[in-house]
Structure formats: C-alpha cells, structure tokens
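Grab a coffee and open the model in your viewer. Below are some short exercises, each followed by a worked solution.

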Amino acid sequence: MTTRLVVKYFFILFVPILLIVALVFGVLFKQKLSGTYLLLQQQESLNLELVSRTIQENLKNVFRDLKTQVSHVELHEYLVDQNENRRKSIEREFLTFCEINIDYDQVRVLDKHGMEVVRINNNNGNPRAVPIEDLKDKSDRYYYTETIGLEPGTVYVSPFDLNVENSRIEIPYKPMIRFAMPVEVNANKYVVILNYLGQNFLDYIDEHNDSPGLPMLLNSKGYWLHGPNPDENWAFMYAEKKEITFGRSYPLAWKQLKDSSIGQIQTSEGLFTYSTIALKPFQEWKLICYIPDAIMKGQIQDILLDYLILFIVTLCFVIPMAILGSFGIVRSKQAQLDMQFAKEAAEVANKSKSEFLANMSHEIRTPMNAIIGFSELLLNQKDLSPDNIDQVRKIKISSRNLLSVINDILDFSKIEDRKLDLEIIDFDLRDVVDNLINMLQENASNKGIELSASLETGVPSYFKGDPGRLTQILLNLANNAIKFTHKGSVKIEVFVDDEFDNKVKLKFKVIDTGIGIPRERQDNLFEAFTQADASTTRLYGGTGLGLVITRRLVALMEGEVSLDSKPGEGSTFWFTVTLEKSKGIKKEEKTIVSKVHNLNILLVEDVLFNQELAIAILKQHHITVANNGKEAIEILEKQSFDLVLMDVQMAVMDGFEATAIIRNRESSVIDHDVFIVAMTALATREDQQKCIDVGMNDYLSKPIEPNSLFTIIDKQFGVKFDAGVIDDNLDSSSLLEIGPFLNRIGGNKGIAAMLIGIFIIGYKEKLDA
C-alpha cells in the first residue's frame, strides 16, 4: 500500500513537472532556433552588402584612374608628335602609375587601326615598357572594336573574363576587366585601355567571407566567375562547358534572384543571400553567399542535441530549481543575447559610418584643395575679363558650398558624438548677411523669387563669435525657404531681441511665401532625417539633417529656434543667438605674400593637381616633388631640405609611416630634425593630434589656404610681417603669375579655367554616383 502511494504521488508530482520542463525546453529550443536563423540571415546580409559596396567603390576608382591617364598632357603631346622623347615621357608617366597601382596588369594605347603604340606590362608592381618592335595588332579584340566606335570621353567596360594570348586562354588563369576610353587628337582616334586584375576582388570575396556559406560571383547570364567548384568557373570560355550555369544547378534560386538586385532566398536547395555589383550601363554581376540545406539541417541537429542533453541533466538534478527559476533565466539569457546582438550591430554600423565619413571627407577635400586654390590664383589675374572673374568667383563659391556638404554630414556625426563646438573670432555681421545674399541670389532668381535682407536700425555690425556656423544656420533656413517657395519672396530680417552687459541677443527671421507646413507636422521638423511628410523627399529632395544641425548650433550660441507656418500661406523660421560685442575687425587682402625666398622644400603629394597648386603657391622657392612616402625617404637619404610638406593618405607609404622613419635616429635620412608640415584632407582634431604625435611640427587642413601656409613658413624661418598688407615693392606680374601650372599648358589661362571646370564636373559625377 505504501509503495502504491509512493508511486501514485510520484506520478502526481512528476508528470506536471515533466510537462512544465518539456514545455520550457520546447519554447527555448524554438527561440534558439529562430534566433539562430535570424542572426545568421542578418549577418549574411550585412557581410555581403559591405563586401559588395567595397568592391563596387573600388571599381569606380578605376574610372577615375582611366580619366586621369587619358588627361595626361604628355599623352596628348605624344599623340600629336610621336617622337622618341615624347614617347619616353608618356612611358615614364605610365610606369609611375603602374608602380603605385599594382591592381592593373597593363596600360595600353591603340591607334585607329588597333595597333598598339604604347604598352606597359605591370608584372606585379615591376612595370616594364614594351619595345616598339614587340607591340601587337589588337584590331580583332572585342574591347577595341567596341571602344573605337564610341564618342571621345566615353568609358567602355568589358565583360569579366580570362586573358587570352595568341588565341589561347592564358594559364594560369588571369581574370581581367578592361576599362577603355577613346581619345581624339588632330582628327585621329586612339583608345586608352587599363587592364584591371579581377583576381584582386575575387580574393577579397574569399578573405571577407565570415560565414559558413559558400561565396560565389556570377555574370549576368548566370555563369560562375568564382565558385566552390573550380571546374565550373569560366564555363562560358569553353565550348564544351556552355551548359554549366548556376541556373541549371539551382533553378529555384536563379528564377527569383536573376531579376532582383539584392535580397535573400530560402529554398529547398538552401539559403541564398545575394547582392548586385553594378557598373551601369556597362556590366552587372551577382555576388552570392550560399548555405546548403545540409548545413542548415546540421545546425538544427546540433541545437537539438544540445537541448536534449540539457533536458536530461535538468530532470536528473535540478528539477526543483528549474521549476522556480527557469523562466527567469530564460528571460535573462535572451535579454543578454538581444543586447549582445544590438551591441554588435551598433558597432558594425558605427564603424561603417566612421569609415564612410572619413573616406568621403578625404575624397572631397583632396580635389577641393586644387579647385579652390587654382580659383584663388585665377582671381588674382589682372587681365581676366569681368565675365571671367565672375565665372571663376562662382567656381570658388560653388566649390566652398560643395565642401560645406561634407561639413554638414561630419557636423551631424559630431552632434551624435557630442563633439561639435564653436570658433570664437571677430566678424562683421553685415558681411555675413551680404555674403549670404550673394550665395543665394542666383538660386532665387532662377525661380523668379524676390530675395532680400534687412537689419533693424540699431543692430551693431561687429561681434565675437563663429561667423561660419552663423552662416551655416542661415543657409540651412534660407535654402529651405527658396526650395519650398514657388512664387513670391524670401526675406531675411535681423533684430536686437535683448542687450545686457557686453552681449547682444539677436533674433533672425527667414520669411517665405511658400507651401507652408501643417501644424501636426511642425513638432517633428527638428528631428533627424525628418521632413514635413513622405512626399516632400520625393518632390524636393533633402535628408532632413539641416534643421537638426541648426537646432544644435543655435543651442551652442545660447539661443532657440522655432517656426510659424500656415499651409498655402508660407512659413517664418526664427532663431536667436547670443553674441559678444566687438570693437571691429581688420580687413585682410586676398593673399599674404611671404617674405621668405629660396627655401629648399620637399613636397610629398600623390595628386597631380595638388602638386601643381603647391608649386604655383610656392613659386619663390625650390620645390622637389615626391609622389609618396617611400619616394620621400629615398630623396631625404640623399639630400637635405629646409621644409617638408607631407600629405598623409598616400599609396605605397603614407605620411605617418614616412614621418616616423624620418624621426628615427637609426634611419638613413640625412636630417632627422627637418621641419615637417602635414597637408591633408583628414580634418578632425583627432587627425591633427595624430600628426603632431607622430612627429610632425605643424598641420594644415585641405583645402590649403595660402595665407595659412605663408604664416607657418614666415613664423618658422624668422620673418615678421603685417598679415593684412601685400608687399607693394614686389613685381605685380610675378605676384599674380600662376607659374609652373601655366608653364605646363603653354601659358593659356583659358585652359587653366577649363581644367578647373573638368575637376568640378568629374567630382560632381563622383558624388552623384
């Protein structure tokens, strides 16, 4: 009887416990399985997207390199007069390019008959110019016939295939993409070709595959360019393999992904994560990561086995504790997993954002250095017509506006990191307003809008504060007003709102007769990436960052910002700022002329136009140019200099590494204490401190202002001067001559203006891409 009771109560107690434990483990298993699937899918998508974007951006750089090679003055001179000296000159240019860019297998120039006139074989960074007698006829090659018929300046991109020599596929395989552009010189057509080594980004795909999946790369017809089975790769190059395609092996996946640019597909064949690498309208490839169904099932079995073992252990040892605490533990563990996943996702996103902002800042600031610098030089030319002066001034203003775009994006990043601060200098408020109207007038006139500004009587002229940030606020608000106003006017009004001690609280109003904003939409306007409604972005563009930056800047200036608006009647945005009064400012001339002459200066810079600009600015000195840090070290081992102007981001060897070698007493450099000034597009305070920490003596941010450079030179080499006065004793023709830059183009100032225009058009295309 006792035994029966024991058994009875055992089952009464055990069965509910068993059911509860089984239910708990069932839920845990399902959550773990779902979480594993979700995490795997998200990691696959994120990893593939990052790889795809990196490859696509690297390929876009090839377009830039091709245009650079086509624009070489030496190339055009050689094509006009093909003598031996000019041939050697362009070969040297191409050889230097290949030494720096080992991603290219060949650089070639073909004439209108398809005959090579110049060819450089790179040989993995050891380039060699091919003798004339070894040049070949390429008139039967598809990339030549496709390119020669294009308009000059048009880029052709070949399919991604294997290199063929003497009608045979080269062994070992050499995957190749050919970028070509026709050039017309004296009514004769030529073709410039860069052979890009595709193996580089095939290797990149493998190196950055952090998942259990199999990476693949397909062309637009579904043939493998890179896949898990080497025998299936490049099947379209062989007649006997024409039927080997991704579509035949994975028909369900191919049917869904062939016409889609990005996504993820789960079929009975497995999990396919895909993205598109597009060089429209030229070529398009599919990047795929494939996790076979067997691997997915294996992961399920592993998870199931783990939970079965844990379930048995729990029943044997911790049933009482499992009843009381299992749900709490599950919730805690799940919360930890969620937090870990969120933290990892945030770190990946933050790293991507930081890298993107740093690269974008550098890529825009580098060309802006040349554009703004040459604009300054051209504005100093006395023989320019009023129209030319107006055009160059607009180039300069547009360039600085373009530079403000990257500054806005970096400002938003600083806002998020709480690193945005102000510069406090003396400034003229009326100059700020006048410059603002000049910047906005053309845009307003094009829309037929009346633009005006007024300062209330009694508003002082001079203040201490940050005129750049104040202009930024007004530009954000006034640009929005013009954008959303189709007829009528935009007015800017300035009042004294309050005055105390030595400070003035100013109130600014930007009043328009535009479309207005509904009341229910107004509260969220100053939030990041927010506009009045979803259709606003489609109709007018914009990201909604301007008002976020405006609100933060106004807060830093001890003010507030708000608006009054009625749909169909217009809007009034107003803000206040608190500024300290100033006694006035000293007006500066356009440039400072350094009184130091005949310094031996080593310029370390890898961008040709920036080299030309620096040489033009420093024409009174002896300039030696090095294209990267390695060349600079080799020169410094043989010669001493008074000053080194060091770029930071360069191929082969960057400025940080080069400076470290110079300061190293055990290196072979002659002068370890030479004065080094960083000239770089890296523009943050952290970048500046890094330059100083590595051993540089001073720092200039691109775009380089001649005044700032001359100030450093005169201060270092002991000359005192009046920063606001130009030396009247200098020969004005020498002062205003562009120097080496004009010498290289025959003294033609029209060509100088054209080259600046080419820069603007080229980098506008790069931003639009």
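**Exercise 1.** Work out how helix α2 (residues 73–80) and helix α3 (residues 84–100) pack: at what angle do their axes cross?

*Solution.* Start with the axes, which are lines fitted to C-alpha atoms over the stretch in contact, with angles from 0 to 180 degrees between N-to-C directions. Those of α2 and α3 cross at roughly 150 degrees and come within 9 Å. That makes α2 roughly antiparallel to α3 (angles over 145 degrees count as roughly antiparallel, under 35 as roughly parallel, 65 to 115 as roughly perpendicular and the rest as oblique). The handedness of this crossing is left-handed: the near helix is turned anticlockwise from the far one by less than a right angle, whereas clockwise would be right-handed.

Next, list the contacts (heavy atoms within 4.5 Å). From α2 come Glu74, Leu75, Glu77 and Tyr78, and they meet Arg86, Arg87, Ser89, Ile90, Glu93 and Phe94 of α3. Sorted by class, the contact holds five charged, four nonpolar and one polar residue. Here Ala, Val, Leu, Ile, Met, Phe, Trp, Tyr, Cys and Pro count as nonpolar, Asp, Glu, Lys and Arg as charged, and the others, Gly among them, as polar.

A note on the ground rules: this is a predicted model, so local features need pLDDT of at least 70 and side-chain atom pairs count only at 80 or more, while totals for chains, interfaces and linings use all residues. Residues are numbered from 1 along each chain as its sequence is written, and side-chain values use heavy atoms, leaving out hydrogens and water.

**Exercise 2.** Now compare a second helix pair: which residues make the contact of α17 with α18?

*Solution.* First the geometry: α17 (residues 629–636) and α18 (residues 655–663) pack at about 20 degrees, their axes 9 Å apart. That makes α17 roughly parallel to α18. The crossing is right-handed. Gly629, Ile633 and Leu636 of α17 make the contact with Ala658, Ile661 and Ile662 of α18. Five of these residues are nonpolar, one is polar and none is charged.

**Exercise 3.** Trace the sheet that contains β10: in what order do its strands lie?

*Solution.* The order is β11-β10-β14-β13-β12, an open sheet of five strands with antiparallel pairing (strands pair if DSSP finds at least two bridges between them). At the edges are β11 (224–226) and β12 (262–267), each pairing on one side only. Ignoring direction, neighbouring strands are turned by 30 degrees against each other on average. Six bridges link β12 to β13 (residues 270–279) in the antiparallel sense; glutamine 266 stands opposite leucine 271 in β13. Finally, helix α5 (residues 199–207) lies across β10 (214–218), β11 and β14 (283–292), at about 155 degrees to β10.

**Exercise 4.** Do the same for the sheet that contains β24: is its pairing parallel or antiparallel?

*Solution.* Five strands form this open sheet, ordered β23-β22-β24-β25-β26, and the pairing is parallel. Its edge strands are β23 (622–626) and β26 (698–701). The twist averages 20 degrees from one strand to the next. Between β25 (residues 675–680) and β26 there are four bridges, and threonine 680 stands opposite serine 701.

**Exercise 5.** Check the confidence: what pLDDT does the protein chain average?

*Solution.* The average is 80, and 76% of the residues score at least 70 (pLDDT is the predictor's confidence in each residue, from 0 to 100). Residues 719–748 fall below 50, and residues 761–769 stay under 50 too. Where pLDDT is low, the predicted coordinates should not be read in detail.

Terms used
Helix = DSSP H or I, 4+ residues; strand = E, 2+ residues; numbered from the N terminus.
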